[in-house]
Amino acid sequence: MDELMRQRRVYGADHDDPDPGPRPGHSYRELVGGPLDGLLLDVTGWTDTALREGAALNTEIGRFGPGGRAEYGPRDGDPDRWDWRGDIP
């Protein structure tokens, strides 16, 4: 894991976590665009189907505020990066 990856914050990490970065032995996808841009998503143990479909992630900072979700999915040709598809209620 390179230095840049170690400095990144993982989606869902507590704000007061002294080490909110990635953990050794885990698999991550980089979230690109939208309200969660730049965060890493821990996909350790996800099925191939789930990795192809993407995810709707809870966020308070999207279009729908608290209770809303941001939808992300794998980028064509670069499945390690998940692009923002939009916000949903």
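Trainee: Which residue does Y28 stand opposite in strand 2?

Mentor: Y28 stands opposite D42 there. Keep in mind that we are looking at a predicted model.

Trainee: What makes strand 1 and strand 2 a pair?

Mentor: Two strands pair if there are at least two bridges between them. Strand 1 and strand 2 have 3 bridges and run in the antiparallel sense, so by the cut-off of at least two they count as a pair.

Trainee: How do you know that strand 1 and strand 5 pair, and in which sense?

Mentor: The same reasoning works. Strand 1 and strand 5 share 3 bridges, in the parallel sense, and the cut-off is at least two. E30 has R81 as its bridge partner in strand 5, and V32 stands opposite D83.

Trainee: What does V32 touch, apart from residues up to four places away in sequence?

Mentor: V32, in strand 1 (residues 28-32), touches D37, Y72, R75, R81, W82, D83 and W84. Each of these counts as a contact because heavy atoms lie within 4.5 Å. For A56 we have a C-alpha separation instead: 14 Å from V32, with their positions 24 residues apart along the chain.

Trainee: Why is strand 1 called mostly covered?

Mentor: Count its buried residues: 4 of the 5 in strand 1 are buried. A residue earns that word when its relative accessible area is under 20%.

Trainee: How many bridges join strand 4 to strand 5?

Mentor: There are 7 bridges between strand 4 (residues 69-75) and strand 5 (residues 78-88), and the two run antiparallel. With a cut-off of at least two bridges, they therefore pair. Among the partners, Y72 is matched with W84, and R75 with D78.

Trainee: What lies between strand 4 and strand 5?

Mentor: The two strands form a hairpin with 2 residues between them. In the turn, G77 has a positive phi of about 80°.

Trainee: In what order do the strands sit in the sheet?

Mentor: The order is 2-1-5-4-3, an open sheet of 5 strands with mixed pairing.

Trainee: Why are strand 2 and strand 3 said to stand at the edges?

Mentor: Strand 2 (40-42) and strand 3 (55-58) each have a single partner strand, so one side of each has no neighbour in the sheet. From one strand to the next, the twist averages 35°.

Trainee: Which strand does strand 3 pair with, and how do you know?

Mentor: Strand 3 pairs with strand 4, over 4 bridges in the antiparallel sense. That meets the cut-off of at least two, so they count as paired. One of the matched positions is N58, which stands opposite R69.

Trainee: How do the side chains along strand 3 point?

Mentor: They alternate. A55 and L57 point to one face and are buried, while A56 and N58 point to the other and are not. In a regular strand the side chains alternate between the two faces of the sheet.

Trainee: What makes N58 exposed?

Mentor: The relative accessible area of N58 is 53%, and exposed means over 50%, so N58 is exposed. Leaving aside neighbours within four places in sequence, N58 is in contact with Y11, G68 and R69.

Trainee: Why is T59 called buried?

Mentor: T59 has 9% relative accessibility. Buried means under 20%, so T59 counts as buried. T59 sits in the loop between strand 3 and strand 4. Beyond neighbours within four places in sequence, its contacts are P35, L36, G65, G67, G68, R69 and A70.

Trainee: What about D14, buried or exposed?

Mentor: D14 has a relative accessible area of 51%. The cut-off is over 50%, so D14 is exposed. D14 is placed in the loop between helix 1 (3-7) and strand 1.

Trainee: Which residues line the largest pocket?

Mentor: The lining consists of R9, V10, Y11, G12, A13, H15, L36, L39, N58, T59, E60 and I61. The volume of the largest pocket is about 210 Å³.

Trainee: How many of the lining residues are nonpolar, polar and charged?

Mentor: By class, there are 6 nonpolar, 4 polar and 2 charged residues.

Definitions and conventions:
Residues numbered from 1 in each chain as written. Predicted model: local features only at pLDDT ≥ 70, side-chain atom pairs only at ≥ 80, totals over all residues. Heavy atoms only, no water. Axes fitted to C-alpha atoms, helices over the stretch in contact; angles between N-to-C directions. 1 Å grid on protein atoms, 1.4 Å probe; cavity = no way out; pocket = protein on both sides within 12 Å on 5 of 7 lines; lining within 4 Å. Points joined across faces, edges and corners; volume = space filled by probe spheres on them. Nonpolar A, V, L, I, M, F, W, Y, C, P; charged D, E, K, R; others polar. Buried < 20%, exposed > 50% of the residue type's maximum accessible area, 1.4 Å probe, protein only.
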